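Biologist: Please take a close look at the sheet and at the helices that pack on it. I would like one connected account.

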Amino acid sequence: MLQRVVRSTIIDAPIERVWAVIRDFNSHDQWHAVVDTSRIERGEKSDQVGCVRNFTLKDGNHIREQLLTLDDHHWKSTYCIVEATVPLQRYVATVTLKPVTDGNRTFWHWESTFATPPGMERELTDMVAQGVYEAGFENLRKHLREGGDLRAPGSTRDAAMVALPRALPVASRRVVVKRYGGPEQMQLEDADCPAPGPGEVRIRQRAVGVNFIDIYQRRGWIPAMLAEGGTPGMEAAGSVLDCGEGVHGFLEGDRVAYLGPVPGSYCHVRNVPADWVVRLPPAVEDETAAALLLKGLTAEVLVHDLAQLDRRGGTRGGPGARLLVHAAAGGVGLLVCAWARKLGATVIGTVSSDAKARLAREYGCEHVIVLGERGYRFADAVKQATGGSGADVLIDGLGEAARDENLAALARRGHWISLGNATGALAQVDTHALLAKSITFSRPVVFDYVATRGELERRATRLWAALADGTLKLPPVERHSLAGAAEAHARLERRATSGALVLLA
Ligand SMILES: NC(=O)c1ccc[n+]([C@@H]2O[C@H](COP(=O)([O-])OP(=O)(O)OC[C@H]3O[C@@H](n4cnc5c(N)ncnc54)[C@H](OP(=O)(O)O)[C@@H]3O)[C@@H](O)[C@H]2O)c1
């Protein structure tokens, strides 16, 4: 009679990670503690169906096993023993993985059937169940924790990572705003980063995204967000050093990026809630992620959720909408131009120089208005570009100085998205002014659109896909060191930059 052993477990790692190890039929001497040495016979590849692995166990036994099937689509492989010094007869085993979407983990099912000499049934089924399968689950977990899949093709792990002792503070440096004011108020100082608390991920940052909101914070415009002595910055990219209690889906060495509503990213090492963090695809480098994550997700929310450029017959934009974008050559601006154009909008942008105008055109802005000496005067030009009717949707990062022109530039039933305040905080909006043309108004904050891990992952996936399929072109990226944060701010606020800025940590 055939014996049957079935065991399963959950591995706290994404399926690609686990499968990269399992599908290599000759990897088990690296992760399974009972295996001593292993080689594939006849020099065949270790993922070739039919190949034979020839291995010795630490107890001196010797086994030859053949790979029978390997299904990358369903994460499944089957193998059998062809010769062994242990008395397992007609042994056929199957390993199947399934993704667990909650926390991005992996379900691993391992089962086999075999015959045994009479009287050895119990001993051999226990040996397979515990000594091989259950021990294997634990050994693979340990192997992944220690960074053992670095050689996996397509791995998103950082090969330069070294496992750190857990629960120790790590030396870091951070930028602090000594007093609210100009860029010179920012200074770099030493500061240890403590061990991650429950639900937190500790990240060794490599690139930090600079956003206009960092300037508002430094100036003291949003004291509830950043107090004097605090560290600005809402996003960064790097590698996971370690995770606090209860964190699922991240391992040491994972390449990740994050954005979140609490500042503090201008530093080398930081703890952040795991819910803010996404793993990076191999094709997205740290610097690209830091340049794109917050700005790209903002652009995604703007074109899809707020302007609704992808919704035919919608109440807002829809394909063919006339979209007015201020600071069209800026970090968010270029991404919006490219994405909106791809969705069929007519994009009208304002910029402050001819060089920025050229860049905005390159990214899909059809009508560019150079503000120059005129200050924030653009409504007539917008009317002209739209055959007299005005813009259907306005993306306004300028704020107060553009208020009246914005109202004049909007079409009847136009939608005004007040995104930011580069010229000063927008004072209260007079509802009578909106009433005159049935204008609708929204004041979105990107963090509210990525408030759950699921939504963050869904939107980030859409962002990386847009980059990969050419919908988005990476904007020019201006690099500064963390110590050069003041220079980065000074250039951003005197309108000297185009595209995105990052601080290399
Ligand atoms: N609500 C949200 O969730 C959210 C998220 C991301 C960004 N934002 C907002 O979106 C806007 C763009 O952000 P960003 O980080 O991508 O910055 P950015 O557009 O790269 O830089 C700001 C641009 O604003 C223009 N500008 C016009 N008047 C200015 C002035 N008086 N001072 C400084 N700049 C002025 C400049 O472009 P020109 O020289 O071409 O005029 C400047 O390059 C900001 O208002 C920001 O606060 C909001």
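Modeller: What follows describes the sheet and then its helices. This is a predicted model, in which local features need pLDDT of at least 70 and side-chain atom pairs count only at pLDDT 80 or more, while totals for chains, interfaces and linings use all residues. Residues are numbered from 1 along each chain as its sequence is written, and side-chain values use heavy atoms, with hydrogens and water left out.

Seven strands (DSSP runs of E, at least two residues, numbered from the N terminus) form an open antiparallel sheet in the order E1-E7-E6-E5-E4-E3-E2, where pairing requires that DSSP finds at least two bridges between two strands. Its edges are strand E1 (3-11) and strand E2 (35-40), each of which pairs on one side only. Within the sheet, strand E4 (residues 62-71) and strand E5 (residues 76-84) are joined in the antiparallel sense over eight bridges, and Leu67 stands opposite Tyr79 in E5.

Helix H1 (residues 15-22; helices are DSSP runs of H or I, at least four residues) packs on this sheet, touching E1, E4, E5, strand E6 (89-100) and strand E7 (105-115), where contact means heavy atoms within 4.5 Å. Helix H3 (residues 121-145) lies across E1, E6 and E7, running at about 20° to E1; axes are lines fitted to C-alpha atoms, for helices over the stretch in contact, and angles run from 0 to 180 degrees between N-to-C directions.

The two helices, H1 and H3, pack at an angle of about 110° with their axes 11 Å apart, which means that H1 is roughly perpendicular to H3 (65 to 115 degrees). At their contact, Arg17, Val18 and Val21 in H1 meet Leu140, His143 and Leu144 in H3.

How values were computed. Parallel < 35°, antiparallel > 145°, perpendicular 65-115°, else oblique.
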